[in-house]
Each structure stands twice: as C-alpha cells, then as structure tokens.
Amino acid sequence: MVDRSFADRLKKVYSIYTGGLILLLILLYIGEKALGLSPTFIGYVFLFGTIAVYAAIGVISRTGQVAEYYVAGRRVPAVFNGMATAADWMSAASFIGMAGALALQGYNGLAFIMGWTGGYVLLGVLIAPYLRKFGAYTIPDFLDARYGGKLPRFVGIVATLIVSFTYLVAQITGVGIIASRLLGLPYEVGVFVGLAGILVCSFLGGMKAVTWTQVAQYIVLIIAYLIPVTVLSYKYTSNPVSQLSYGFALQGVEQRLAQLKDDPKEKEVREIHKKRAEDLKAKIAALPQSWEQGKKELEEKLKAMPADDPKRAEVEKQLKEYPKSPEEAKTKWTEAMKRAQDASKPPRSYTAPPADAKGMVNFLALMLMLMLGTAGLPHVIMRFYTTPTVREARTSAGWALFFIMLLYLTAPAYAAFGRYEMLNLVGKAFSEMPDWVQKWAKVNLITVKDLNGDGIVQFAEIFIHPDMVVLATPEIAGLPYVIAGFVAAGGLAAALSTADGLLITISNAISHDLYYKMINPNLSPSTRVKIGKALLLIVALLGAYVAKFKLAIIVELVAWAFSLAAASLFPALVLGIWDKRMNKQGAIAGMVVGLVVTIIYLYLSRFKGIELFGIKPIASGIFGMPLNFIVAILISRLTPAPPEKLQTFVDSIRYPKGAVKAGAEE
Amino acid sequence: MLSKEQLEGYWRENRNLMLLVLLIWALVSYGAALISGFLNKIVIFGFPLGYYMGAQGALIVFLLLIIFYAKSMDKVDRKYGVEEE
C-alpha cells in the first residue's frame, strides 16, 4: 500500500530541510563577506554541520525491528527511494572524478556516462520488480529461494562480499581525502571522522536510517554540484542551463586542439617529452643499479652545495621524494614514462570516437560491463526491496535514473568548460597564470612547467589531475569560498551515502545470510538486529583500517567490482527470473565459472600483461559474463529440471498479485 | 487464480515489451557509439551528434524507456487483473 499522508509528510520535512540548507549558505556567505570568516571555519561548519544533520536523522530513525532494520519497513515511496538510490549509487568517483575523466579522455570517457546510467534500464525491466515481489532482504535470500539450498546462497554471499568490500574501502578512502582537503586534517584523522559520519546513521537505524539520510545527502550533493557550473555557464554564455550551453565550449576546444596539432612550439615540447620517456625507459631497464646511482648523485650534489645555497632546499625536496626502493622506483618511473609518452603525441580530437578497432572494442566492452555490473551490484539492488509495491519498484528505477541524470547530464558541461579553461592557459606567459592555477599547483592537482624555457605555456606543458575539474570550478567561476566549501561537503555526502549503503549490505550478508540463515536459525528478531549492528561496527572498522594504507590499487579495484558483479550475480539473477528451466546446478556452475574466469583474466592482464583481443583489465568481465550465461544454460539443460516447488516460486514472483500464492514476505 | 493461458499471455506480453525496450536501449548506446564518427558530422547548437548521444542523448532515452515500460506494464497488469490495489 502507498501511504499518501506519509509521502506528504516526507515532502514537507525535506522541503524545510532544503530551505534550511540554502539559508545556511546565505548566512555563511554574509559571514564570509562581512565578518571575514576564515575558510577553515567555514570548512568546519560544513563538515560538522552536515554530519550533525545526518546523525540527527540516524537518531530519529533508530530501530530494533527486523523489517525496518533490513528494508526500511518497505514503505519508502518511489520518489524518495529514487533519491536514496541516486545517493547510494553516486560515490565520490561520480561526484569528483567523472567530469575530470571526461575532460581528459574526451569521447572515451563517455563509456562511464552511458555505462553508469544504462544499467538502470536493466534493473527496472529485468530485475527490480521481481525481487520486490519476492520480498526478502538480500540477494543471497533470492538465490536460496530460487535455486534451493545453501550452496547458491553461499556463492551469493561470497560474490557480495568480494564486490562490496573493495567498494567500501574506496569510499572511506574518498572520505579521508575530502576531509583532509576541506580542513587540512591529516588523512588518517579524516578517515576516522568519516567513519564516525558513516556509523552514526547506519548503526542506530539500519536501512531505515540509511534511507532517510541518503535522501538528505542527495539534496546536499546535487545542489553543490549544480551551483558552480551554472554560474560559470552564465558567465560564458548568459545562459545558466549549463547542460544546454556547453556546445560552444566543445567547438572552441576542437578548434584550439586542431591549431595546436602542428604548432612548432608544441612540437618542441613533445620532443622533450619523447626524450624523457626514452630516458626513463633506459633507467627502468637498468634497475636496480640506476636507482642506486640516482640516489648517490643527489646525495653528492647536496653535499657539494654550500650550506647557504638557495637551491639547497630544492635538492633536499628531490631527495625526500626519491623512490624509497627499486620496486617503488619501477612503479613511479613506469607511471612517469607513460605520462611522458602520452604527452609526446599530438592531442586527439575531444569529441571523436576511438579511431582504431581495438579502442572501439574496449569502449563497448567497458560500457557493457559497467551497465551489467550496475544491475548486479548488491547495494543498489537492495534499495528496490524497500519500495511498498511492485509497481513502485518499476517507477522507482525511473526516479533513480532521473535523479542520477541531474548530475550525469551536467558532468559533460563541467568537463567541456574545464578543458576550455585549460586550453585558455595555452599561449599565456608563465607570469600571468590565474590564481586558481597557483592554488591547486600547491597540492599537485595541476602542474604547469616551462619545459622548453620560452616563458610561454604550451599545451603539452600542462598536467591536470582529474579531481581538479570539479574542485576548481568555483574559483574559475569567481565564486566565494563558501561555494568551494559546499562542493567539498557535496563530495563528502556522495562518499558517505555510498559507504552507508555498502556497509549495510556487507553486514547483512554476514549477519542475515551467513549467520542467521546458515549457522543459527533459532535467533530471536531482536538478537538478529543486535548481531547486525555489532557486525556493522566491525566491518566499518575493518574498512577504515584497510583504507588507512591508502593503497593505489583501490581505485582500480572499484572498477573491477563492476566486472565481477556483471560476471557473477547479474546472470544468476536474470536467468532465475526469466528462465524457468534454470536450475541449481546451472546457476552455481555459471557463477563459479564467471567469477573464476574474470579473476584469472584480471590477474593475467593487470600483472602479467597478457591481453586477449586487447581487452584492458577494467573490462575483464567481458569473457566471464557470457561464459556464465553459456555454462549455466548448458548445464541446466543437461541436468534435471528444477522441482515443482521452485517452478511455482518463479510464477509467484512473475505476477504482481493474485496469480499464484504470495512470495516469502516476512 | 488465473488460468494457465492467461498466465502465459501475461508473461508473453511482458517479454515482448522487455525485448523492445532492450533493443532500443542497445541501439541508442552501442549502435550510436559504433556510428558516432559519422554522427559527429551533424552539429546542432555546437554539439556534434555522435558525442551528444553518448553524453546526454542516450541517457534521456534510457529514462523514457523506463517510464514507457512502467506505464505499459501498469496497463498489462490491469488487463490481466494482477495489479496491486
């Protein structure tokens, strides 16, 4: 049942909340201009102010009831579930990273835009309504009920944990980075502040609190994302709708890139990069001697310098940043070599698709993995268990995509403006770099170095970190610091909301699926919730512990999570609903083959450099996913049909109501 | 309870809708990407069409597809009397 008055009350509460948020922005703006509030103070207001609100929602929504703890009482209206799903879905990578990747990669970056939205069509049509009709709590619940037995459940638990934990660590890492940038706190402190922010809402109220917090977080992140780019768009074109206005920037970028292709000064810099890449290659080949020699040279140079030499500090810094071991030297130098190689090539057109077949195959494969992975990610699917009806589960996918699109339709505008501004630097003197370049150069998000010594900036002399595009836009648009701080708070909201959803998914997989369903089914409801909460705490601490190491591989792992989900859970879910003949043997064999093949290919392509058809590690599921389908169908046809009881189960989830006996709702 | 024919009829209509939706889904994303070099020759308000499809066009179609499927299934639900009250 859809509860009207409940929905109306929600609308009222969130309208007041949004009004309060805008009021806070205005007050802080006045504070900054009239009272001269410091950026650090504004940063603290945003950080603790938003976390306090999320915590308050957590306290208000506290619960000890099983259905509220796991599926928010199944009374979340489609619109609000859409907002919560959007916040659940969009992580720091969508908020900060995506526009930057688009700006740097041009057309190739669109694989993320289409891939991360196209999955919702699959969810809304192939999966969400049926899982809602089934009406349990988790994906392993579904696999157990559909295929019968503990083994399908167990494989589902393993896949859920692999996929969700890497994702969680990446979110906590993101929170740490944003908190440290916003407030200048050490990264580790940022991680634990973020951890507190995640726990305050999920610990007390489970899915119920997470849902209502995610709605609040969505409102923060979308307003924060839209303000800077809207102002910038108005400045350029006097049209505030950036999503429609950035065509001029695309044209400008293309013209400028075409001019730069044959510019003699650019060619000169490209030659310097080429030479550098060759030097690095030789140095990498001569490891570990080259590492020792480089270190010795620096040390001797420092020794030979008089104590009052002004250049001393520079050499000291170089020595401090020098790789600590030959292994570290190999990673760092390989990275630098790749960058130099890229910079030595003439710039590609921004809007043209990949020119060669290999590039196109990778583009399409990546897009497919991102779409199927989205539709197989446990923390996203779980959200569709919380709607009141099957009908609302269908529309909820639409609302989710709508709220996600508000950000995704804007990201290409951010990217085009960012690239445009970057090209505007070209041809200027080094002495006239705008303030924002100097500010972000301090934290190494942008590097502009006069390589050929002509005092003029060349395109090949600019290096930009992808995160820079969104973070620097408030300053490029000439907005006060309040907005820059608010953008950081938006990024924080994006990371926190995703982390919350993941945390709940992981702790449910362990407490509900593994412990309650497989080890000790005699637990009372209140004990189940208590165990869930205890696990939440443990998983969160474990996630923060791993995030503390700030491993470079984490970002890659998240991209792999999509391939893993696409090759393991997605086929088992789709076949379970759409293929009545699918049985336990087929589904298990398919999932195992999909997971194993994907992991093997990941290992071979990432660490051994072995690539089939030139497929990159990020799209590695492209082999395991179809194999999963083929193996599952073959094995299921060679083994007996699923028992009568399970076939009736399939019917029960296929029809919204009344056709056959109701599902297993608790 | 519905008869076996009715159950099958409902599911057939659902399956056909699903196939239609996924066909359009594939055309606007994968299909458009494959011919985006050609589409880029068409420029509207500064947007090369091939790039635009990937950046915004496909997304808008995705949303319309979900709405279309949800609305159509509402009708099918009512036709077979399996809608929720």
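This is a short tutorial dialogue on reading the features of a predicted two-chain model.

User: Before we start, how are residues, chains and ligands labelled, and which cut-offs apply to this predicted model?

Analyst: Residues are numbered from 1 along each chain as its sequence is written, while chains are lettered from A and ligands numbered from 1 in the order in which they are written. As this is a predicted model, local features need pLDDT of at least 70 and side-chain atom pairs count only at pLDDT 80 or more, whereas totals for chains, interfaces and linings use all residues.

User: Thanks! How many helices and strands does chain A have?

Analyst: Helices (H or I, at least four residues) and strands (E, at least two) are DSSP runs, numbered from the N terminus. Chain A has 27 helices and two strands.

User: And why is chain A called as compact as a globular protein of its length?

Analyst: The idea is to compare a radius of gyration, taken over C-alpha atoms, with the globule rule, which is 2.2 Å times the number of residues to the power 0.38. For the 666 residues of chain A the rule gives 26 Å, and the radius of gyration is 26 Å, so chain A is as compact as a globular protein of that length. Its C-alpha trace spans about 85 × 60 × 50 Å along the principal axes.

User: How does chain B fare under that rule?

Analyst: A compact globule of 85 residues would have a radius of gyration near 12 Å, but chain B has 18 Å. The C-alpha trace of chain B spans about 55 × 25 × 15 Å along its principal axes. Chain B holds three helices and two strands, in the order α-α-β-β-α along the sequence.

User: What share of each chain is buried?

Analyst: A residue is buried if 20 or more other C-beta atoms lie within 10 Å of its own, exposed if 12 or fewer, and partly exposed in between, with C-beta atoms placed from the backbone. In chain A, 51% of the 666 residues count as buried; in chain B, buried residues make up 39% of the 85. For a single example, look at A:Leu368 in helix α16 (residues 357-376) of chain A. A:Leu368 has 25 other C-beta atoms within 10 Å, so this residue is buried. The C-alpha atoms of A:Leu368 and A:Ala566 are 8.8 Å apart, though 198 residues separate them along the chain.

User: Which parts of chain B touch chain A?

Analyst: Two residues are in contact if their C-beta atoms, placed from the backbone, lie within 7 Å. By that test, 39 residues of chain B are in contact with 41 residues of chain A. On the chain B side, α1 (4-34), α2 (36-39), β2 (47-48) and α3 (49-79) each supply at least two residues, and the largest share, 17 residues, comes from α3(B).

User: What classes of residue make up that side of chain B?

Analyst: Ala, Val, Leu, Ile, Met, Phe, Trp, Tyr, Cys and Pro count as nonpolar, Asp, Glu, Lys and Arg as charged, and the others, Gly among them, as polar. The side of chain B that touches chain A has 26 nonpolar, nine polar and four charged residues.

User: Where does helix α5(A) bend?

Analyst: A bend at a residue is the angle between axes fitted to the seven residues ending there and the seven starting there. In α5(A) the bend is about 40 degrees, at A:Met98. Of the 14 residues of α5(A), 13 are buried, so this helix is largely enclosed by the rest of the structure. After α5(A) comes A:Gly106, with a positive phi near 65 degrees.

User: What is the usual sign of phi, and what is the usual form of a peptide bond?

Analyst: Most residues other than glycine have a negative phi, and most peptide bonds are trans. Here, A:Ser238 is not a glycine but has a positive phi of about 50 degrees. A:Ser238 lies in the loop between α9 (187-237) and α10 (242-245) of chain A, and is exposed, with 8 other C-beta atoms within 10 Å. A:Phe613 also has a positive phi, near 55 degrees, and sits in the loop between α25 (584-607) and α26 (621-638) of chain A. As for peptide bonds, a cis one joins A:Leu287 and A:Pro288, with omega about 0 degrees. You will find A:Pro288 in the loop between α12 (264-285) and α13 (289-304) of chain A.
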